[in-house]
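User: I'm new to reading protein structures and I keep tripping over the vocabulary. Could you take me through some of the terms, using the structure below?

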Amino acid sequence: QHSIVIAGGGSTYTPEIVLMLLDNLDKFPIRQLKLYDNDPERQSIIAKACEIIIKEQAPHIEFVATDSPEAGFTDVDFVMAHIRVGKYEMREKDEKVPLKYNVIGQETCGPGGMAYGLRSIKGVVEIIDYMEMYSPNAWMLNYSNPASIVAEACRKLRPDSKVLNICDHPIGLEDRMAKIVGLESRKDLSIRYYGLNHFGWYTDVQDKNGNDLMPQIKSYIGENGFNLNAIGKESRNSDPSWIHTYDMAKFVYELDPDTIPNTYLKYYLFPNKEVEIADANYTRANEVIDGREKRVFGECRNIIEKGTSKGTTLEIGAHATYIVDLACALSYNTHERMLIMVENNGAISNFDATAMVEIPCLVGSKGAEPLSIGPIPTFQKGLMEQQVAVEKLAVEAYTEGSKQKLYQAFALSKTIPGADIAKKLLDELIEANKDYWPTL
Ligand code: G6P
């Protein structure tokens with residue numbers, strides 16, 4: 001029986017993760033579930049609704065919602081962290097400030113990603129420290145964004161901590177690939193993949209019998225990207241921005257038809273196109289504020305008012321089952337093969353040993369054991385080297401309080417067309433983030 005704290009309890013992802021945990025109790029029993037957030041007001045609505053859900057579905061679980069680190073992090077085996085430092089107000093700036101300069105506005109890629117990264121590091125490290133102070137044997141399953149910069153910061157600042165950095169994006173793509181070939185879920189596939197977070201390539205996809213599924217998936221992606229409309233399986237709830245992203249994968253794919261790309265590569269390979277279709281006054285942050293934020297808070301208020309979750313429209317976060325898989329792998333030493341961000345350390349043989357790469361690992365009670373990838377081709381290596389340097393410079397800028405290094409990171413990013421623009425953008429983002437960044 002496990003005890004868990006969800007850090008970032010006020011996130012609108014929390015209810016779907018709670019529902020997913022409740023749905024998996026046979027696999028992963030829970031005795032105590034806590035929500036921790038440093039914004040108790042935001043968390044309280046989510047927490048009250050979660051409390052009602054838990055009372056109805058699993059009354060044996062002790063439920064706690066708190067803004068006290070001691071109460072939140074004492075007596076836990078797992079910290080599930082999905083924090084958003086600066087909330088949507090700052091995400092909006094991450095997206096809108098770069099667009100003023102015709103540079104992509106995105107929360108994990110490019111200048112917006114770096115801005116968010118410099119805000120997140122402190123929050124993530126704080127949570128690691130709370131965990132180590134109050135539950136030194138616990139594991140932190142971290143899926144806070146921007147995951148690549150956060151992972152590099154963990155490597156650099158807390159190298160010995162029990163933290164696993166993982167991302168849901170490949171999970172979503174694998175579910176899409178399974179649908180493309182008529183299989184039930186990603187669990188029916190076995191894949192090979194390498195890269196950085198939001199920056200990688202599938203090199204092999206097989207079914208469980210070892211049949212090669214790459215030809216069928218590649219011919220689909222070449223025509224439709226990851227968009228499932230052609231087979232009538234696109235979710236009715238997919239937002240227009242995601243549909244565009246799935247479509248764009250067909251152009252990214254053209255650059256290396258031997259592999260299947262992560263959709264986020266579009267920001268690095270087609271930045272002009274992304275700027276062209278963006279609405280600088282209404283970005284993804286606005287879409288989420290008007291969509292998921294209103295929907296989830298509205299439904300939580302509904303549950304609180306009615307005093308029951310019967311008939312709720314809140315859904316189980318099915319794609320989030322990787323978090324349970326990861327927790328099970330650590331608890332029960334399953335050695336499940338999962339994509340984790342780990343220090344390269346020779347796994348990609350012709351790549352920086354200290355880079356945080358996203359590669360398949362076997363996960364057991366001692367953590368993640370990376371599998372060997374071997375050498376990667378020049379195209380991917382070149383892109384990844386540039387991007388790793390950007391991420392490392394961003395983290396160094398944070399630890400050293402160095403504006404110079406952040407200027408270099410901006411100038412080096414493939415998403416920013418020149419150092420002159422990098423400089424202006426940097427000055428504006430320093431101002432926008434003055435309440436969050438260290439003094440540069
Ligand atoms: C994907 C990515 C996450 C990211 C999310 C953004 O799932 O892997 O890293 O947080 O998309 O989604 P949103 O709906 O907030 O734009």
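Analyst: Sure! One thing up front: this is a predicted model, where local features need pLDDT of at least 70, side-chain atom pairs count only at pLDDT 80 or more, and totals for chains, interfaces and linings use all residues. Residues are numbered from 1 along each chain as its sequence is written, and side-chain values use heavy atoms, with hydrogens and water left out.

User: What makes the link between Asn145 and the ligand a polar contact?

Analyst: A polar contact is a pair of N or O atoms within 3.5 Å (within protein, one must be able to donate a hydrogen and the other to accept it, and residues adjacent in sequence count only if both atoms are side-chain atoms). Asn145 puts a polar side-chain atom 2.8 Å from a ligand oxygen, so it passes that cut-off. Tyr264 does this at 3.4 Å, and Tyr13 at 3.5 Å. As for cover, the ligand taken alone exposes 390 Å², and the protein buries 88% of that (Shrake-Rupley areas, 1.4 Å probe).

User: How many residues surround the ligand, and which are the closest?

Analyst: There are 13, counting a residue if one of its heavy atoms lies within 4 Å of the ligand. The closest are Arg91, Asn145, Asp168, Arg284 and Arg292. Helix α12 (residues 284-306) gives the largest share of that shell, three residues; a helix here is a DSSP run of H or I with at least four residues, and a strand is a run of E with at least two, numbered from the N terminus.

User: Why are β7 and β9 called edge strands?

Analyst: Two strands pair if DSSP finds at least two bridges between them. The open sheet runs β7-β8-β9 with antiparallel pairing, and β7 (189-196) and β9 (260-261) each pair on one side only, so they are its edges. Strand β8 (residues 199-207) is joined to β9 by two bridges, so that pair meets the cut-off. There, Tyr202 stands opposite Ile260 in β9.

User: What is unusual about the backbone at Asn102 and at the bond from Asn145 to Pro146?

Analyst: Most residues other than glycine have a negative phi, and most peptide bonds are trans. Asn102 isn't a glycine, yet its phi is positive, about 55 degrees. The peptide bond from Asn145 to Pro146 is cis, with omega near -10 degrees. Pro146 sits in the loop between β5 (139-142) and α6 (147-157).
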